[in-house]
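Grab your viewer and work through the exercises below. Try each task yourself before you read its solution.

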Amino acid sequence: MSRLIPIMLLAAGLLPANLLAAGAKGVPAPATGKAGAVSTALVPGDLGVPQGEPIHAVLGIPPNVPPPINRNYPAKVIVELEVVEKEMPISEGVTYTYWTFGGTVPGSFIRVRQGDTVEFHLKNAPDNKMPHNIDLHGVTGPGGGAASSFTAPGHESQFTFKALNAGLYVYHCATAPVGMHVANGMYGLILIEPQEGLPKVDHEYYVMQGDFYTTGKYREKGHQPFDMDAAIAEHPTYVLFNGREGSLTGDHALSAKVGETVRLFVGNGGPNLVSSFHVIGEIFDKVYYEGGTHAQENVQTTLIPAGGAMMAEFRVDVPGTYVLVDHSIFRAFNKGALGMLKVDGPENKAIYSGKEVDSVYLGDRAGDNLHAVAVAAKANASGTLSKDEQIKAGQQLFEGTCSVCHQSNGEGMSGVFPPLAKSDYLAKLSKDRLISIPLHGLTGTVTVNGKDYNSVMPPMSQLTDDEVANILTYVLNSWSNAGGQVSKEEVGKVRAQPAAAGDGH
């Protein structure tokens, strides 16, 4: 008769089918707590009391995730997470004060199993300035845990929840002003694996987008404070993967080999923007949209709302560099939302003929990490910036910004883009006129080394004063040009002036 009762409940739609198989004798027996309260086994996703010894969760540091869960029973999982407020680079030569879960942006990746009982410990580091809490979107309970986790600096809070719903969920701070806490990097992902686990893949990676608001413009050097007015107006300075420009490029790129399968856990912390996530050159075999349990197949670009997530799975069949972007495309190339997946292995010309031009998509991220730019920024801040440091920084910036048209050797493109190498045109310009060209653009016919060129150079107003100075210093001292040096201050002076006749469009 004991077996017949749950079968009758199942037929009546009152008992989830997965609970019938959860125990050797049907539904797990109700658990009685210390206070005598009895939990109900009729709650979907409640697979009964924890079994075995408590497990201390291994947390993933982005872009890495903890290993898959290989158990078939619910457990008590202890998660310990510390809030750390710290100054870190947001771009080369630019720092920002982040508020973090675990010292990284995004915060540590949490991985549990459906039915687990999670004992959550939130610590607020003693030298922090602000109180914090945590709202986990995978929690069933007031505020997703926020109501139970408000924690002052130097204190620790604890609460417990049962992971009832499988899926990929965002967590974030929910202390007022909530938007400011989130904008400063306080978000991450928690994966609640389904009972049967996820399909096996060769690589799993953790990527999370966020929009950042600074008082200085994009890539303006030095320490940049948070700009509340820009955040309220939803005008971000940076849109980034994993909290820093270049976090997934160069030496930090994701990797795989031809023939392997990749799973991306992708979240969007916001606080404001929706992400149009795309991997250039790949098609997602499956997308578990909005972090849920249903998958769409053969997807090119998928939307991830602020405070949402998705899982994408795909096989890599051709070697090369695959570029991760927010396909709201100015965010990728002018605000930083750009990463790389480098795939090694044999070519398959039946699928793709070859010829890879990273610079078209990656800009100044196509080459090595921008170490020379960081060195120049540090030297400039200390008042010791040398001409050689400018040249090295300018070369890295030129390769990404200017070389598509003018070529890496400065030869330009015959009949289209004038050469910069051995340029008699550059030699005749005053310094102010030289500076005005990248700032304001150039339209109309120019004669360079005896040949006429009639094309349009758009204004490069997105470049900062020091970037323009470094690029021009590199050009003046390369390819047998006459030499010279341009300073950040000289660029700033010209920028403040109206464009000369003939400049611009």
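## Exercise 1: A buried acid with two partners

E467 is buried, with a relative accessible area of 2%. Keep in mind that this is a predicted model.

**Task.** Find which residues form a salt bridge with E467, and say where the partners sit.

**Solution.**
- Step 1: start with R219, whose side chain meets that of E467 in a salt bridge at 3.7 Å, N to O.
- Step 2: place the two ends. R219 is in the loop between β10 and β11 (222-223), while E467 is in helix α12, so the pair links parts of the chain 248 residues apart.- Step 3: take K221, which forms a salt bridge with E467, the closest N and O atoms being 4.0 Å apart. K221 is in the loop between β10 and β11, 246 residues from E467.
- Step 4: check burial. Both R219 and E467 are buried. K221 counts as buried because its relative accessibility is 16%, and the cut-off is under 20%.

## Exercise 2: A strand-to-strand pair

**Task.** Take E204 and R263: what ties them together, and are they buried or exposed?

**Solution.**
- Step 1: E204 forms a salt bridge with R263, with the closest N and O atoms 2.6 Å apart.
- Step 2: E204 lies in strand β10 (residues 203-212) and R263 in strand β14 (residues 261-270), so the bridge ties together parts 59 residues apart in sequence.
- Step 3: E204 is buried at 15% relative accessible area, and R263 is buried at 1%.
- Step 4: widen the view. Salt bridges that share partners join R111, E193, E204, R263 and E313 into one network.

## Exercise 3: The nonpolar core

**Task.** Work out which elements build the largest nonpolar core, and which one gives the largest share.

**Solution.**
- Step 1: the core has 33 residues, and F398 and V475 have the most contacts inside it.
- Step 2: elements giving two or more residues include α7 (371-382), α8 (387-401), β22 (442-448) and α12 (465-476).
- Step 3: α12 gives the largest share, seven residues.
- Step 4: look around F398. Leaving out residues up to four places away in sequence, F398 touches several residues, among them L420, I471, V475 and W479.
- Step 5: there is also a second, separate core of 29 residues, which includes M88, V170, Y206 and F226.

## Exercise 4: Nonpolar, but at the surface

**Task.** Which residues make the nonpolar surface patch of about 290 Å²?

**Solution.**
- Step 1: the patch is made by I329, F330 and F333.
- Step 2: I329 sits in the loop between β20 (320-326) and α5 (330-334).
- Step 3: I329 counts as partly exposed because its relative accessibility is 32%, and that class runs from 20% to 50%.

Notes:
Residues are numbered from 1 along each chain as its sequence is written. This is a predicted model: local features need pLDDT of at least 70, side-chain atom pairs count only at pLDDT 80 or more; totals for chains, interfaces and linings use all residues. Side-chain values use heavy atoms; hydrogens and water are left out. A nonpolar core is a set of buried Ala, Val, Leu, Ile, Met, Phe, Trp, Tyr and Cys residues joined through side-chain atoms within 4.5 Å. Buried means under 20% relative accessible area, exposed over 50%, partly exposed in between (1.4 Å probe, protein chains only). Helices (H or I, at least four residues) and strands (E, at least two) are DSSP runs, numbered from the N terminus. Contact means heavy atoms within 4.5 Å. Patches are made of residues with over 30% relative accessible area and no salt bridge: like charges are joined within 9 Å, nonpolar side chains (Val, Leu, Ile, Met, Phe, Trp, Tyr) within 5 Å. Accessible areas come from the Shrake-Rupley method with a 1.4 Å probe; for residues, only the protein chains shown count as cover.
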